[in-house]
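Welcome, and thanks for taking a look at this one with us. Please open the model and keep the sequence at hand as you read.

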Amino acid sequence: MTAILDEQLIDDRETTPESLYLRWERQNWSTQDLTMAADRPAWQALRPFLYQELKAALVELAVGEVAVARLLTPLVYAAPTQAAQFYLSSQLVDESRHSIFFLGYLRAVEGAIEPPHAYALRCRAEASAATVELFDAYLLEQTERVRRDPDDRDAWYAAVTTYHVVAEGALALVVLRSVAEAVRRCGQLPVLAEGLRNVIRDESRHVGFGVWAMRHAVDNGRRQLVGDQVLDTIPYVVHVLVGPERRNPSALPMVVRARGRQLRDQWDTARDALLRRVRAAGLDDVDAQVTEVWRAAEERAVADYENRHGVPHPIRSLN
Ligand SMILES: [Fe+2]
Ligand SMILES: [Fe+2]
């Protein structure tokens with residue numbers, strides 16, 4: 001079935017698919033300009049705690065990027081306007097480039113010998129079950145609905161809300177910024193720092209598109225649909241952020257408290273980022289529900305951590 005284009009959806013506000021596409025042309029970058037192996041000596045010399053943190057985060061990012069590069073394709077084909085389709089084609093390049101960057105970087109600094117495809121499978125096996133569930137089950141199910149019926153506009157807006165606004169806006173961008181900050185503090189991985197800057201710039205455009213799409217959904221009678229979709233996605237994203245499978249490596253009270261504070265900051269930043277985007281899309285009335293669903297999802301994921309490991313989650317040290 002052919003997707004029909006609704007040209008009347010073209011926006012006159014500042015962030016539009018047209019302006020985002022033009023920004024993409026101006027902000028283009030190349031993974032080939034980054035000499036990834038140059039970071040290898042510093043990577044190999046990282047302190048064990050920082051090494052484990054960074055490696056786990058980059059593996060999760062690589063797995064997410066590989067998944068979204070594939071899952072974006074039905075959304076490009078079924079885009080409601082030609083401008084949205086052209087913009088999404090540029091994003092498809094971005095997600096492939098991000099996959100190539102993260103896989104290439106990890107292979108270079110880890111000295112992996114298997115080809116990228118095999119290395120991607122290894123990363124997937126190492127990623128948390130929550131990440132795999134978000135991308136390979138939840139988001140997959142939504143993009144499959146679009147693939148099966150490209151004219152189902154409800155399915156398209158729901159998938160973009162999950163993909164661009166919640167998964168990219170409240171999860172990917174927040175994790176990327178945390179990793180970039182850790183890399184900045186460590187001061188010894190310049191290639192990773194530059195690659196992360198590029199990826200963050202790209203992801204900001206992607207989230208801008210998500211807000212545009214959600215605003216159109218609201219303007220076109222889909223307020224309830226996208227509001228419900230945000231609430232439905234929150235538990236999946238919070239589960240990834242909390243990551244109940246990974247046990248905090250230290251039992252020292254000072255370290256546990258510092259970890260608790262760091263996580264509290266990160267989760268609050270993610271929730272506030274989501275609230276900002278939801279308001280920007282014209283959905284001011286779901287603030288209280290977003291906050292409540294987020295809080296309940298955090299509580300469940302923290303309880304999951306405590307059941308698995310038999311110790312209080314570091315977040316409890318702040319009480
Ligand atoms: Fe990406
Ligand atoms: Fe993205």
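Below is a short briefing on the fold, the surface and the metal site.

This is a predicted model. The protein chain holds 12 helices and 0 strands, and two iron ions, ligand 1 and ligand 2, lie 3.2 Å apart in it.

**Overall fold**
- Reading along the sequence, you will meet the pattern α-α-α-α-α-α-α-α-α-α-α-α.
- The radius of gyration is 20 Å, which agrees with the value near 20 Å for a compact globule because the chain has 319 residues.
- Along the principal axes, the C-alpha atoms fill a box of roughly 60 × 45 × 35 Å.
- Of the contacts with a separation of 6 or more, 82% come from residues 24 or more positions apart.

**Burial, surface and charge**
- Buried residues account for 53% of the 319 in the chain.
- The accessible surface is about 14400 Å², and carbon and sulfur atoms contribute 53% of that.
- There are 38 positive and 45 negative side chains, with 6 Å between the centres of the two sets.

**The iron site**
- The iron ion (ligand 1) has as its protein donors E65 (OE), E65 (OE), E95 (OE), H98 (ND1) and E203 (OE), at 2.0 to 2.6 Å.
- These donor residues follow the spacing E-x29-E-x2-H-x104-E in sequence.
- Distant parts of the chain are linked here: E65 sits in helix 3 (residues 48–71) and E203 in helix 9 (residues 190–219), 138 residues apart.
- Both E65 and E203 are buried.
- E95 serves as a bridge between the iron ion (ligand 1) and the iron ion (ligand 2).

Note on methods. Residues are numbered from 1 along each chain as its sequence is written. Chains are lettered from A and ligands numbered from 1 in the order in which they are written. This is a predicted model: local features need pLDDT of at least 70, side-chain atom pairs count only at pLDDT 80 or more; totals for chains, interfaces and linings use all residues. Side-chain values use heavy atoms; hydrogens and water are left out. Helices (H or I, at least four residues) and strands (E, at least two) are DSSP runs, numbered from the N terminus. The radius of gyration is taken over C-alpha atoms; the globule rule is 2.2 Å times the number of residues to the power 0.38. Buried means under 20% relative accessible area, exposed over 50%, partly exposed in between (1.4 Å probe, protein chains only). Contact means heavy atoms within 4.5 Å. Accessible areas come from the Shrake-Rupley method with a 1.4 Å probe; for residues, only the protein chains shown count as cover. Lys and Arg count as positive and Asp and Glu as negative; His and the chain ends are not counted. The place of a charge is taken as NZ of Lys, CZ of Arg, CG of Asp or CD of Glu. Donors are N, O and S atoms within 2.8 Å of the metal (3.2 Å for Na, K and Ca); water is not among the atoms, so sites may look incomplete.
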